[in-house]
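Student: I would like to go through this model slowly and understand the reasons behind the words used to describe it. Could we take the descriptions in turn and set each value against its rule?

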Amino acid sequence: MTQQGNRAARRRTLGLLVATAVAGAFQLAHAQDKKVVRIGYQKYGTLTLLKGRGTLEKRLAPQGVTVQWTEFPAGPQLLEGLNVGSIDFGTVGEAPPIFAQAAGANLVYVGNEPPSPHSEAIVVRKESKLQSVAQLKGKRVALNKGSNVHYLLLRALEQAGVAYKDIQPVYLPPADARAAFERGSVDAWVIWDPFFAAAQKQLGARVLVDGKGLVANHQFYLASRDWARRNPALQQVLLEEIAKVDDWGRDNAREVSAILSAQTGLDPSVVELAASRYSYGVKPVSPDVLREQQKIADAFAKLKLIPKPITIADAVLASAK
């Protein structure tokens with residue numbers, strides 16, 4: 001090849017390299033422009049229904065936003081994911097955000113569902129001789145520490161005149177707690193739907209007491225503080241789509257059960273029972289609901305179940321107060 005031919009070949013090679021670099025840079029910039037909202041959900045509830053219907057993805061697609069879903073076994077684990085930055089937004093019961101805030105998690109309350117006191121209970125095996133909460137004194141009681149049922153247990157014991165120190169709490173996530181309950185290594189189990197409904201339908205579990213007259217049992221939507229500050233419009237879209245699913249779910253019980261059964265793998269009869277106890281109607285967190293949360297936090301602090309007293313209002317963005 002002549003010297004002139006060599007120079008032409010080098011120019012062609014250089015041009016190809018430049019074009020490849022430009023294309024790569026464009027692809028990288030395009031990828032970085034894409035936004036992802038990372039949502040944590042549990043095995044049951046409005047977010048599971050939202051995921052099953054796919055309406056959030058359709059709403060966000062024109063904005064170039066994709067949705068990443070991550071399932072957690074319970075609220076405390078979900079909020080740990082929020083705290084370490086693996087998710088941006090999620091839903092839990094009353095107690096988990098209190099334990100998380102006390103541990104230093106940088107979260108904020110975004111919204112809540114109406115009270116659902118029948119959706120959690122203290123249950124015993126069908127052959128158990130226990131007939132009342134008062135008889136739990138000295139007994140082994142399984143629960144997920146820091147979950148919504150933790151406060152139900154406190155209130156039920158208080159009403160029955162039993163000190164928390166007079167029972168033997170056994171802290172287990174739902175799957176392990178069910179196994180312990182089935183084999184009789186615990187005397188009672190404090191649990192929420194759909195695990196509660198499954199225990200009733202599949203194991204014949206008997207209810208000692210549910211949350212009626214004891215707890216509100218709100219479901220809360222929470223977000224990372226930094227994410228909420230940066231994404232107020234996206235947060236609003238999330239709440240709007242949750243509200244739409246709530247409105248639809250309230251009037252379509254059979255379809256709700258079908259979707260949740262498909263999403264969770266649970267028997268339709270279990271999901272139908274759980275869904276019959278659920279409350280729909282998301283709202284921004286109100287001062288009244290925050291005051292209820294403060295009472296729960298104070299109760300946990302009094303028993304030293306959390307390391308220090310906390311102020312619930314600190315976990316609300318200034319713009320939302």
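Tutor: Let us do so, keeping in mind that this is a predicted model. We can begin with helix α11 (residues 253-264) and helix α12 (residues 268-276), whose axes come within 9 Å and cross at roughly 120 degrees.

Student: What makes α11 oblique to α12?

Tutor: Angles from 65 to 115 degrees count as roughly perpendicular and those over 145 as roughly antiparallel. The axes of α11 and α12 cross at roughly 120 degrees, and that makes α11 oblique to α12. The crossing of these two helices, α11 and α12, is also right-handed.

Student: Which residues make the contact, and of what class are the residues in the contact of α11 with α12?

Tutor: On the α11 side the contact is made by Val256, Ser257, Leu260, Ser261 and Thr264, and on the α12 side by Pro268, Val271, Glu272 and Ala275. By class, the contact of α11 with α12 has five nonpolar, three polar and one charged residues.

Student: Why are α4 and α5 called oblique to each other?

Tutor: The axes of helix α4 (residues 75-84) and helix α5 (residues 95-102) come within 9 Å and cross at roughly 45 degrees. Angles under 35 degrees count as roughly parallel, while 65 to 115 count as roughly perpendicular, and α4 and α5 are therefore oblique to each other. The crossing of α4 and α5 is right-handed, and in it Gly75, Pro76 and Leu79 of α4 meet Pro96, Pro97 and Ala100 of α5. The residues of this contact of α4 with α5 divide into five nonpolar, one polar and no charged.

Student: Turning to the rings, how many aromatic pairs are there?

Tutor: The count comes to ten aromatic pairs. One aromatic pair is formed by Tyr109 and Phe220, with 5.2 Å centre to centre and 80 degrees between the planes.

Student: What makes the pair of Tyr109 and Phe220 edge-to-face?

Tutor: Rings pair if their centres lie within 6.5 Å, and planes over 60 degrees apart count as edge-to-face; with 5.2 Å between centres and 80 degrees between planes, Tyr109 and Phe220 form an edge-to-face pair. Tyr109 lies in strand β4 (residues 107-112) and Phe220 in strand β10 (residues 220-224), so the pair ties together parts that are 111 residues apart in sequence.

Student: How do you know whether Tyr109 and Phe220 are buried or exposed?

Tutor: Buried means under 20% relative accessible area. Tyr109, at 4% relative accessibility, counts as buried, and Phe220, with a relative accessible area of 0%, is buried as well.

Student: Why is the pair of Tyr278 and Tyr280 given its name?

Tutor: The ring centres of Tyr278 and Tyr280 are 5.0 Å apart and their planes stand at 70 degrees, so this pair is edge-to-face. Tyr278 counts as buried at 15% relative accessibility, and Tyr280 counts as buried at 16%. Ring pairs link Tyr44, Tyr278 and Tyr280 into a cluster.

Student: Is Asn112 buried or exposed, and what does Asn112 touch?

Tutor: Asn112, which is found in strand β4, counts as buried at 6% relative accessibility, set against the limit of 20%. Not counting residues up to four places away in sequence, Asn112 touches residues including His218, Phe220, Tyr221, Val282 and Val289.

Student: How much of the chain counts as buried?

Tutor: Of the 321 residues of the chain, 51% count as buried. The secondary structure of the chain comes to 13 helices and eleven strands.

Notes
Residues are numbered from 1 along each chain as its sequence is written. This is a predicted model: local features need pLDDT of at least 70, side-chain atom pairs count only at pLDDT 80 or more; totals for chains, interfaces and linings use all residues. Side-chain values use heavy atoms; hydrogens and water are left out. Axes are lines fitted to C-alpha atoms, for helices over the stretch in contact, and angles run from 0 to 180 degrees between N-to-C directions. Helices (H or I, at least four residues) and strands (E, at least two) are DSSP runs, numbered from the N terminus. A crossing is left-handed if the near helix is turned anticlockwise from the far one by less than a right angle, and right-handed if clockwise. Contact means heavy atoms within 4.5 Å. Ala, Val, Leu, Ile, Met, Phe, Trp, Tyr, Cys and Pro count as nonpolar, Asp, Glu, Lys and Arg as charged, and the others, Gly among them, as polar. Rings of Phe, Tyr and Trp (its six-membered ring) pair if their centres lie within 6.5 Å; planes under 30 degrees apart count as stacked, over 60 as edge-to-face and the rest as tilted. Buried means under 20% relative accessible area, exposed over 50%, partly exposed in between (1.4 Å probe, protein chains only).
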